[in-house]
Amino acid sequence: MGGSPPLAVRFDHVSRHFGDVKAVDDLSLDIFDGEFFTFLGPSGSGKTTCLRLLAGFDQPTSGRILLHGRDVTGQPPFEREVNTVFQDYALFPHMSVGDNIAYGLMIRKVEKGERRKRVAEMLDLVRMPGLEQRTPAQLSGGQRQRVALARALILRPRQQMQVELKAIQEKVGITFLYVTHDQEEALTMSDRIAVFNNGRVEQIGSPPELYESPGSRFVADFVGVSNLISGPIAERIRGSAEVFSVRPEKIQIRETDSIAPDGYCSIEGRVKEVIYLGMHTRYVVELDGGGDLTVVEQNREATSMEVLAARGRKVRLVWHPTHNRRLGTAE
Amino acid sequence: MSPTRPARDRDSQGPEERPVLLRIASFLYLRPSLVLALLLGPPLVWMIVVYLGSLVFLLIQSFFSLDPFTGQVIRVLTLATYKDLWTPANLDIFFRTATMAAVVTVTTAVLAFPLAYFMARYASTRLKTVLYLAVLLPLWSSYLVRVYAWRLILAKEGILNWFIQQLDLTRVLDLLLRAPVIGGPSLSVSFLGMFIVFVYVWLPYMILPVQAALERVPRSLLEASGDLGARPGQTLRHVTLPLAFPGVIAGSIFTFSLTLGDFVVPYSLGNSSFFIGQAVLSLTGTAFNIPLAAAFTVVPMGIMAFYLVGARTLGAFDAL
Amino acid sequence: MRSEANESRGRAPLSLRLATLGVILFLHVPMAIIFLYAFTTDDATFSFPPPGLTVDWFGVAVPRPDVWQALLLSLRVALIATLAALGLGTLAATAVYRSKFFGREAISFLLLLPLALPGIVSGIALRSAIGMADFPFGFWTIVIGHATFCIVVVYNNVLARYRRTGRSQVEASMDLGADPLQTFRYVILPAIGTALLAGGMLAFALSFDEIVVTTFTAGHEETLPIWMFSQLTKPRQRPVTNVVAVFVIVLTAIPIFLANRLTQGGSE
């Protein structure tokens with residue numbers, strides 16, 4: 001394979017300061033053509049600001065933004081080949097569904113017959129055929145979302161930012177940029193994810209990379225549930241007080257008198273909490289040396305009663321050391 | 001499927017080909033402060049130059065004085081005009097006007113409350129719209145016409161007197177008319193008559209803010225009060241009224257201010273004892289003493305300034 | 001579309017209902033009486049009951065030149081003042097909605113001031129300033145005065161509509177490629193259109209009816225309210241005044257109803 005795929009978006013040392021507040025702090029990242037890329041992070045982390053910088057609703061304090069190699073910093077949104085689907089869909093209430101979808105075409109002076117044809121195509125694509133004459137007020141929330149999507153997709157510029165199922169993305173073959181705080185959504189749909197925290201990107205990677213090898217405490221915590229072990233307990237287990245993480249599903253709960261298999265990590269504690277979740281159960285175990293670990297086990301054989309009875313019992317936790325992940329230098 | 005190229009392909013246009021308007025639009029988009037200046041400029045300049053400028057100029061005028069011999073304004077700062085203002089006759093005028101304004105305000109508040117309460121608490125949506133329009137209509141209807149209507153009604157040969165005669169209450173009316181201060185030769189030339197008309201014309205100005213304030217009282221508060229054992233009257237006194245009070249204050253700003261400055265009602269239904277409005281008007285007529293007229297208006301301005309500050313602290317501006 | 005849940009609001013106590021009815025009657029009966037008096041045969045006094053009823057006065061009122069002059073002047077003034085208010089009010093509302101700037105709250109207060117201060121204050125202030133500038137009193141001075149207090153009516157209406165509409169539509173439009181002018185034409189104007197209309201009509205009614213400030217800025221011109229005022233104190237042919245009054249009531253009622261429809265119906 002020679003060379004990486006063409007670059008759809010590049011953030012080049014982009015910062016957005018509001019007085020003292022650094023909403024986006026010296027951020028650089030690349031998004032390749034045709035991939036489904038997600039900005040993931042809690043509210044206030046800067047992901048929405050980055051989206052707005054890309055769309056042109058806001059200007060960076062410093063740095064450049066490139067779309068397909070062209071520097072668009074300073075270009076207003078109506079000159080950028082980027083389309084957004086807004087959180088509240090922002091459909092024009094005084095226009096029909098058809099006029100809404102055709103809006104971008106109308107602006108570009110596409111003639112009427114062509115517009116009508118493409119609107120019909122679009123409505124088919126989002127599975128709402130024949131609804132051109134409806135008004136937004138007559139639509140359900142889900143339908144409005146699809147109209148908003150159709151309105152953006154119809155322009156099929158080289159760049160898209162979307163909020164929708166991966167299926168459509170793969171079918172149409174365009175680049176998607178998705179913004180969310182829901183890590184489960186992100187893990188399900190994305191080719192790659194950028195995890196935002198306080199105006200910076202902590203880590204960029206594919207879902208498995210982020211989950212299996214979190215680079216920092218924040219990523220470990222934010223993407224999935226994780227256990228972070230440090231201090232004397234860490235020393236006992238790994239020989240170093242450095243913090244490391246273990247995913248809850250990698251840990252097994254045994255009786256205290258059971259013997260840990262060779263080479264496995266082992267530690268004792270008391271079950272503090274049992275949360276029965278149908279398919280699996282989440283245990284919070286208070287360790288003998290202090291601190292809690294979360295363990296998740298599938299309810300393969302145990303009944304709910306047996307499971308809940310575990311509360312207060314002394315147990316032994318065992319897991320294979322390959323699941324221990326050192327975090328990056330970031331905390 | 002490959003997309004057709006959109007008709008206007010911005011990517012391939014060089015900077016020289018872009019239309020002028022678009023370039024201006026792009027230029028302005030990146031300069032929000034400039035856009036703000038362009039938007040805010042005209043109205044701000046108008047208000048400051050035309051209105052604030054006039055007000056300031058008026059204030060300055062009140063510190064000039066009129067030469068009694070030439071009738072010209074002497075543009076020298078002095079307090080002489082204010083001294084001229086401070087005569088028993090003028091103080092009478094201020095007192096008279098302020099008292100009328102206060103009485104009118106209280107009366108409109110009392111009259112407005114039942115209607116406002118009904119609208120906010122009991123009226124269905126349709127009935128509320130009907131009532132709302134019923135209050136708006138006289139509000140926007142010609143003010144002069146409404147004053148004129150009462151001239152008709154209050155005239156000696158008019159409908160009100162006719163009713164009074166029919167109900168054999170003539171003696172009561174005569175008693176009222178002989179009363180000091182509020183009385184007069186007839187209803188249509190008396191403070192009593194003026195009072196009625198003032199209340200009539202300003203009533204909608206009081207109803208609307210009070211109704212708005214009452215609307216904002218959440219039902220859950222009233223229900224909680226009842227749940228805690230309060231009778232309807234107690235809920236009214238301890239919960240509803242205090243919460244509606246800012247609305248009353250807001251309405252009172254209008255009734256007080258409008259009464260303070262009015263000359264139409266006093267002219268139509270009054271006698272030679274002037275109200276502030278009449279005094280100012282007459283001073284710009286044949287007497288033509290602008291500095292004194294300016295000084296006269298400073299008084300209601302000052303009163304309203306205090307009133308507005310007080311109203312602000314009582315929360316009236318949130319109710320507007 | 002939302003359907004209003006019809007919550008039972010209970011029956012109001014009788015005393016409250018009577019009080020409400022009483023106040024409504026108090027507000028409207030006087031105007032009904034004017035209608036009555038427009039038909040009386042008595043032209044010298046306001047006697048009740050009217051000695052007879054006739055429609056003749058409508059015929060007399062129509063050819064009266066002073067009535068027409070006053071009416072036309074009022075209409076012209078209201079029209080120009082409303083247009084000025086529409087322009088300035090919309091600019092101000094747009095500025096206040098779009099940006100945060102130092103003194104933003106003060107703008108609303110400043111615009112409200114002409115209505116909040118007693119009319120004689122505004123009136124005499126304008127009069128002395130105009131006199132100082134040696135500007136001739138007449139049509140344009142009346143318009144200036146009216147426009148000044150009409151701005152806030154348009155401003156409030158448009159600002160309220162902006163707040164109800166929100167920003168995302170404008171951003172969506174520009175995102176889809178429309179420049180600000182196109183966005184204004186296709187998205188913003190339709191959104192605020194009815195608010196402009198409502199504000200304009202209210203401003204028109206306000207200007208048409210104004211007497212206090214007008215008296216100070218009119219010079220020798222006579223608007224309809226000024227004419228009515230002179231009739232109040234030195235009347236000529238009283239029923240003619242009544243006829244004009246009836247006409248004015250009807251004329252100002254129409255914008256009110258329309259403005260109400262426009263701001264309620266709006267965007268459901």
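This is a short walk through a predicted model with chains A, B and C, beginning with chain C and ending with the sheets of chain A.

Let us start with how far the prediction can be trusted. The model as a whole scores ipTM 0.80 and pTM 0.78. For chain C, the mean pLDDT is 84, and 93% of its residues reach 70 or more. Confidence varies along the elements of chain C: helix α3 (residues 65-98) has the highest mean pLDDT, 93, while helix α2 (residues 56-61) has the lowest, 74. Please take care at the start of the chain, since over residues 1-7 of chain C the pLDDT is below 50. Beyond near neighbours in sequence, that stretch makes three contacts in the model. Where pLDDT is low, the predicted coordinates should not be read in detail.

Now look at the overall build of chain C. What elements does chain C contain? There are eleven helices and zero strands, so if you follow chain C from the N terminus, you meet one α element after another. The C-alpha trace of chain C spans about 70 × 65 × 30 Å along its principal axes. Of the 268 residues of chain C, 49% count as buried. Contacts in chain C often reach across the sequence: among those between residues at least 6 apart, 78% join residues at least 24 apart.

Chain C also divides into domains. The domain assignment gives domain 1 (14-57) and domain 2 (64-265) of chain C. Taken over C-alpha atoms, the centres of these two domains of chain C are separated by 30 Å. Where they meet, eight residues of domain 1 of chain C are in contact with nine residues of domain 2 of chain C. On the domain 1 side, helix α1 (residues 14-37) of chain C gives the most, with four residues. By class, that side of domain 1 of chain C has six nonpolar residues, one polar and one charged.

Chain B has a domain assignment too, with domain 1 (17-61) and domain 2 (81-319). In chain B, the C-alpha centres of domain 1 and domain 2 lie 38 Å apart.

For a single residue to zoom in on, try C:Val152, which lies in helix α6 (residues 139-165) of chain C. Is C:Val152 buried or exposed? C:Val152 counts as buried because it has 26 C-beta neighbours inside 10 Å, and the cut-off for burial is 20 or more. Leaving aside residues up to four places away in sequence, C:Val152 touches C:Leu111, C:Leu112 and C:Leu115. As a gauge of distance, C:Val152 and C:Gly219 are 67 residues apart in sequence and 25 Å apart in space, C-alpha to C-alpha.

Next, turn to the place where chain C meets chain A. This contact takes 16 residues from chain C and 20 residues from chain A. On the chain C side, α7 (168-175) and α8 (180-209) each supply at least two residues. The largest share of that side comes from α7(C), with six residues. The chain C residues that touch chain A divide into seven nonpolar, five polar and four charged.

Crossing over to chain A brings us to strands. Four strands of chain A form an open antiparallel sheet in the order β2-β1-β4-β5. Its edge strands are β2 (21-32) and β5 (70-71) of chain A, each of which pairs on one side only. Within this sheet, five bridges join the antiparallel strands β1 (residues 7-18) and β4 (residues 62-67) of chain A. Here you can find A:Arg10 standing opposite A:Leu66 in β4(A). Helix α1 (residues 47-55) of chain A packs on the sheet and touches β1, β2 and β4 of chain A. The direction of this helix makes about 115 degrees with that of β1(A).

Another open sheet of chain A has five strands, paired antiparallel in the order β11-β15-β12-β13-β14. Why is one side of β11 (252-255) and of β14 (292-298) of chain A left without a neighbour in the sheet? Both stand at the edges with a single partner strand each, so one side of each has no neighbour there. From one strand to the next, the twist averages 45 degrees. Strand β13 (residues 280-287) of chain A is joined to β14(A) by seven bridges, and the two run antiparallel. A:Val285 stands opposite A:Leu293 in β14(A).

Technical notes
Residues are numbered from 1 along each chain as its sequence is written. Chains are lettered from A and ligands numbered from 1 in the order in which they are written. This is a predicted model: local features need pLDDT of at least 70, side-chain atom pairs count only at pLDDT 80 or more; totals for chains, interfaces and linings use all residues. Two residues are in contact if their C-beta atoms, placed from the backbone, lie within 7 Å. Ala, Val, Leu, Ile, Met, Phe, Trp, Tyr, Cys and Pro count as nonpolar, Asp, Glu, Lys and Arg as charged, and the others, Gly among them, as polar. Domain bounds come from an automatic or database domain assignment. Two strands pair if DSSP finds at least two bridges between them. Axes are lines fitted to C-alpha atoms, for helices over the stretch in contact, and angles run from 0 to 180 degrees between N-to-C directions. pLDDT is the predictor's confidence in each residue, from 0 to 100. A residue is buried if 20 or more other C-beta atoms lie within 10 Å of its own, exposed if 12 or fewer, and partly exposed in between; C-beta atoms are placed from the backbone.
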